[in-house]
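Thank you all for coming; I would like to walk you through one structure, starting from a single detail and working outwards to the whole chain. Please have the sequence and the picture open in front of you while I speak.

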Amino acid sequence: MRAPRKKPTKTIVPVLAVRLNGFFSLQIQADGGIAAAVDDYSVNLGYYSAVAMDRAQDLTTGLQLAFLAGKSTVAREVDVLVRRLARHGLLEYRLFSPRGAQDLVVIEPQIPEYWPQRARLGNADTVVLSRFAYLRRRGNDMVLESPRAGALFRICDPAIAATLAELSRPQKISGLRRHTGRFNLELLELLLDSQILFKLDAKMGDGLRVNEGDGNLVLWDFHDLVFHTRSTEGRQANPLGGAFAYADVVSPLPAVRPSWSGKKIDLETFSTREPTSAFAKLLHERHSTRDFDDEHPITLAELARFLDMTARVLSQWTSGGDFGAGPELAYSTRPYPAAGSAYELELYLTVANCEGLAQGLYHYDAGGHALVAIGDASAQHLQALSAAAQFAMDAAGPAQVLITIAARFGRISWKYSAIAYSLILKDVGTLIQTFYLAATDMGLGGCAIGSINIDLFAKMTGIEFHVEGPVGQFALGRGRKAEAPG
Ligand SMILES: Cc1cc2nc3c(=O)[nH]c(=O)nc-3n(C[C@H](O)[C@H](O)[C@H](O)COP(=O)(O)O)c2cc1C
């Protein structure tokens, strides 16, 4: 007896729709304009025709992206509104099956420019998961993330997690199509666009570390790239900085650790309150300065002396790794200590007010002790960087010179595994204390800044975020007046 023929199953193509991200709602203002609002906060989005505003109501549940691609006047109007909402980070995208209308995946943008795109895949293509992709529990959701991706994917259908598990090894699309229960080409194409998947060609081997990205990416360990992107601004949408997120749940730790109960050896008898040397005095006098005297700005000569004292290359030499064993490598010596003498840190100066030096972005060439203008940086980006630092300091005006400390990541990760990024941050600490002491010694003022936008810096310099990027900042200038410490 012949086995009954398997009925061909009709492929159901999932639909991609855009909606407000759940925190905001659209409101019509008294002047007829439209705004996205939450509590007392609202974002004005401009004026639209009554038909467009009516259609925009669909943004509460989901407006199909296919509609926005339409040529009608109303489609174009709504498209303008949706792009505005996207730039303010107020949207998410749902991929759902038209049959059940249940979400398969919800895409949460992590960068303002994110717009869901499908990178086309054919049956002959082979794809594999990026080694930077990870699934984790967030609240009661399962989320798929990657420091390389411009968006996070909330996985609503467990079958997708099973497909992702299969993608831990290279898979041909034709094979996936045959074997995977609920094959979802649209999702794979969205994941490919977000670099959560990557395509392998026949010459690229088995999709392991060396097959993904350029040499700079190969050198990154997974946890280091996650740490870099999740502890800075620009490539993530999580709350960041002094948010006191769990103040209601956990009490603060004391400012000074309570003593151990063992025998105490009193050191006061060996100490005096007054500094006993010029260096001890310098340490006592050091403090953060956040407001600068723009009538008497720092001069180019002072800036040159500051950089000379703190950061210039003093000598260069070649040796084996750890100065003996290992491959031969070129090294330099500079005024501050650095892990493995790698000196991966670079200084980029945003100059707002320095006598004798034009406003703009400069790189400090530490070998040649020179400032090199980076002409391509847009005034808007420079202003944004400067304003963010001013905001972080709660200062009245911009820093006269804002020093962005960037790391050439590969310089240190070429040698160190697992600890590369932590060494970079430690190096930033040694450099920042050097800056503080030099500024104090010169009668200048400065302040370290804890948060920085890595994507903005990438736009300013044109360097990809994983190649060379900011890891610290220091505002420098002539202080307006002596500030109280703290
Ligand atoms: C790593 C680091 C990050 C900092 N970030 C900021 C910041 O973002 N904004 C700010 O106003 N001060 C910042 N500061 C300065 C500290 O607030 C300051 O050092 C501290 O309050 C002690 O005060 P003092 O430096 O005047 O002694 C930072 C300091 C360090 C070392």
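Leucine 347 has its bridge partner in β19, and that partner is isoleucine 405. Before going further I should say that what you are looking at is a predicted model, and please keep that in mind throughout. The pairing that joins β16 to strand β19, residues 401–408, runs in the antiparallel sense and extends over seven bridges. There is also a pairing between β16 and strand β17, residues 360–365, again antiparallel, and here the bridges number four. Within that second pairing, threonine 350 is matched with leucine 361 of β17. As background, strands of a sheet pair through backbone hydrogen bonds, either parallel or antiparallel.

How much of β16 is covered? Seven of its seven residues are buried, and the strand is described as mostly covered. If you look along the strand, Leu345, Leu347, Leu349 and Val351 point one way, while Glu346, Tyr348 and Thr350 point the other way, and all of them are buried. In general, side chains in a regular strand alternate between the two faces of the sheet.

Just ahead of this strand there is a residue I would like you to find, tyrosine 343, which sits in the loop between β15, residues 329–333, and β16, residues 345–351. Its phi is near 45°, which is a positive value in a residue other than glycine. Is tyrosine 343 buried or exposed? Tyrosine 343 counts as buried because 22 other C-beta atoms lie within 10 Å, and the cut-off for that class is 20 or more.

It is useful to set beside it phenylalanine 244, whose phi is likewise near 45°, a positive value in a residue other than glycine. Phenylalanine 244 is found in the loop between α8, residues 222–230, and α9, residues 278–285. Its surroundings hold 7 other C-beta atoms within 10 Å, so phenylalanine 244 is exposed, given that 12 or fewer is the limit for that class.

The loop between α8 and α9 also holds proline 275. With 13 other C-beta atoms within 10 Å, proline 275 is partly exposed. Leaving aside residues up to four places away in sequence, proline 275 touches Ala280, Lys281 and His284. The C-alpha atoms of proline 275 and glutamate 285, which are 10 residues apart along the chain, are separated by 9.9 Å.

Let me turn to another sheet, an open one of three strands in the order β12-β8-β13, with antiparallel pairing. Its edge strands are β12, residues 171–172, and β13, residues 197–200, each of which pairs on one side only. Strand β8, residues 126–129, pairs with β13 over four bridges in the antiparallel sense, and in that pairing valine 128 is matched with phenylalanine 198 of β13.

Now to the interior, where the largest nonpolar core has 107 residues, and where Val105, Leu197, Val401, Ala475 and Leu476 touch the most other members. The element that gives the most to this core is helix α13, residues 420–441, with 10 residues. This core draws at least three residues from each of domain 1 and domain 2. Taking valine 105 by itself, and not counting residues up to four places away in sequence, the residues it touches are Leu95, Phe153, Arg154, Ile155, Cys156, Ile160 and Leu187.

There is also a ligand, with 13 residues around it, of which His287, Ser288, Ala392, Ala448 and Gly450 come nearest. The elements that give two or more residues to this shell are α11, residues 379–393, and β20, residues 445–449, and the largest share, three residues, comes from β20. By class, the shell has seven nonpolar, five polar and one charged residues.

Finally, the whole chain. It is divided into domain 1, residues 15–212, and domain 2, residues 276–477, and the C-alpha centres of these two domains lie 38 Å apart. The chain contains 14 helices and 21 strands, and along its principal axes the C-alpha trace spans about 100 × 65 × 55 Å. Of its 486 residues, 33% count as buried. Among contacts between residues at least 6 apart in sequence, 69% join residues at least 24 apart.

How values were computed
Residues numbered from 1 in each chain as written. Predicted model: local features only at pLDDT ≥ 70, side-chain atom pairs only at ≥ 80, totals over all residues. Domains from an automatic or database assignment. Near = placed C-beta within 6 Å. Nonpolar A, V, L, I, M, F, W, Y, C, P; charged D, E, K, R; others polar. Contact = placed C-beta atoms within 7 Å. Core = buried A, V, L, I, M, F, W, Y, C linked by C-beta atoms within 7 Å. Pairing = 2+ DSSP bridges.
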